[in-house]
Amino acid sequence: MERDEIAVIGGGPAGLAAAEVLSAAGWPVAVYEAMPTVARKFLLAGKSGLNITHSEPFSRFAERFGTASARLRPPLEAFTPDDVRHWAAGLGIETFVGTSGRVFPTAMKASPLLRAWLRRLEAQGAKVHTRHRWVGFDGDAVVFETPEGRKSLSCRAVLLALGGASWPRLGSDAAWVEHLQERGVPVRPFRPANCGFDLAWSEGFVERFAGQPLKGVTATSDAGTFPGEFVVSRHGIEGSLVYAHAAALRDRIEAEGTATLVLDLAPGREAARIARDLARRGTKESFANRLRKGAGLAGVKAGLLRELVPDASRSAPDALARTIKALPLPLLRPRPIAEAISSAGGIDWVGVDDGFMIKAMPGVFAAGEMLDWEAPTGGYLLTACLATGRAAARGIMQRLKDTR
């Protein structure tokens, strides 16, 4: 191991992005990854279609990161969503904009992009060492557990890109927190983000509807009102529409012990029209027929209404229409962080300078989901990981130049 190399610890998108910038500039750099292969979470996320960024206007895109938006704006301005597409094209990966505004590789897979990326890193001289689990520091040296035993490395600079606390089986297990806190680094507790939520479903509802999608609805929380769809799970609810509200719902539960997601089961129809159509149904019709013919509700939508409002069949048309347009889902808790797509929390921004160096540890930098930020799904997470990795690489190069 060379003493003059730059060590990038963590082989996810943030670490690989940093290694790409550093090696392109001629710096000796090596990536150290604990798992047998790099970018496992990246590959799994891309199995159903790799969403690399979003096409919405940059001014809106840059505000998607909550309280961290101001700190993330400079790296995002230096590597915008358009830059992400140009970067992918440079690797031979063409992209397209989906109907939702999300940007995908034409092949809809992560593996071709990763292979091309690794070929570029190899061509630029960057080394990749797998099965090297970082276990802390020995003075200023970084220490790894490897198949050949424990190894120490003294190097010019260190970039930590070890991820957050979601999907620990793929390597993001937040085991680094204790090591940094011992060095006086402020770390905010990790919380699930882009996650599902538990509800108290009855056994009958679970047996009949678990796994079924609820399509063509809108949902309202403190985050706002959004259209979309989600899935009924055995434990509660999951899916893209839920994830859009997840941060607001999680925060509400933390503050008050409970939260409510309000559903409009018939967003294309006004309550007055639904009430009139329900009133026209004969009193001898079954409740299922009244819902289907008068309100357009059947299947899981009708089942959800019955589950949450057991006496709905006795409601007057006006009251039933109001319930259909604003059905409250009482949420109990977020699903465990190990199931979440991403996590909130991490190294507090007060402990990181503008070059992404950890203030309490001169020469040690951080990037990606180790930092305290969160974003919705839709390409925001990956873009910010790439952007912060590149920004940390620039910070490393500037420090090395300044301290020559």
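Author: Two strands are said to pair if DSSP finds at least two bridges between them. Helices (H or I, at least four residues) and strands (E, at least two) are DSSP runs, numbered from the N terminus. The model is predicted, so that local features need pLDDT of at least 70 and side-chain atom pairs count only at pLDDT 80 or more, whereas totals for chains, interfaces and linings use all residues. Residues are numbered from 1 along each chain as its sequence is written, and side-chain values use heavy atoms, with hydrogens and water left out.

Reader: How many helices and strands does the protein have?

Author: The protein has 14 helices and 20 strands. Its C-alpha trace spans about 85 × 40 × 35 Å along the principal axes.

Reader: How should the pairing of strands be read, and what is the order of the open sheet of 7 strands?

Author: Strands of a sheet pair through backbone hydrogen bonds, either parallel or antiparallel. In this open sheet the order is 17-16-13-14-15-12-18, and the pairing is antiparallel. Strand 17 (327–331) and strand 18 (333–334) are the edge strands, each pairing on one side only. Within the sheet, 7 bridges connect strand 13 (residues 213–221) with strand 14 (residues 224–232) in the antiparallel sense. Leucine 214 has phenylalanine 230 of strand 14 as its bridge partner.

Reader: Which helices pack on this sheet?

Author: Contact here means heavy atoms within 4.5 Å. Axes are lines fitted to C-alpha atoms, for helices over the stretch in contact, and angles between N-to-C directions run from 0 to 180 degrees. Helix 9 (residues 240–256) packs on the sheet and touches several strands, including strand 12 (197–198), strand 15 (236–238) and strand 16 (259–264). The direction of helix 9 makes about 105° with that of strand 14. Helix 12 (residues 299–308) also packs on the sheet, touching strand 13, strand 14, strand 16 and strand 17. Its angle to the direction of strand 13 is about 50°.

Reader: Where are parallel pairs to be found, and which residues of strand 1 are buried?

Author: In a regular strand the side chains alternate between the two faces of the sheet. A residue is buried under 20% relative accessible area, exposed over 50% and partly exposed in between (1.4 Å probe, protein chains only). In strand 1 (residues 6–9), Ile6 and Val8 on one side and Ala7 and Ile9 on the other are all buried, and both faces are thus covered. Strand 1 runs parallel to strand 10 (residues 157–160), with 4 bridges between them, and isoleucine 9 has leucine 160 as its bridge partner in strand 10. Strand 1 also pairs in the parallel sense with strand 2 (residues 29–32), over 4 bridges. There, alanine 7 stands opposite alanine 30.

Reader: Which residues have the most contacts inside the largest nonpolar core?

Author: A nonpolar core is a set of buried Ala, Val, Leu, Ile, Met, Phe, Trp, Tyr and Cys residues joined through side-chain atoms within 4.5 Å. The largest one has 86 residues, and Trp117, Trp176, Leu180, Ile347 and Trp373 have the most contacts inside it. Helix 14 (residues 380–402) supplies the largest share of this core, 13 residues. Beyond its neighbours within four places in sequence, isoleucine 347 is in contact with residues including Trp176, Leu180, Val352 and Met370. A second, separate core of 43 residues includes Val206, Ile237, Leu297 and Ala321. Of the 404 residues of the protein, 52% count as buried.

Reader: On which side of helix 13 do its buried residues lie, the same or opposite?

Author: The arc is that of the directions from the helix axis to the C-beta atoms. In helix 13 (residues 317–325) the buried residues are Leu320, Ala321, Thr323 and Ile324. They lie on the same side of helix 13, because they cover an arc of only 160° around the axis. These residues pack against strand 16, helix 10 (271–280), helix 11 (287–295), helix 12 and strand 17.

Reader: How many disulfides are counted?

Author: A disulfide is a covalent bond between the sulfur atoms of two cysteines. The rule applied here is a pair of cysteine sulfur atoms within 2.5 Å, and the count comes to 0 disulfides. Cysteine 385 is in no disulfide, and its nearest cysteine sulfur, that of cysteine 195, is 17 Å away. Cysteine 385 counts as buried because its relative accessibility is 9%. Cysteine 155, with a relative accessible area of 21%, is partly exposed.
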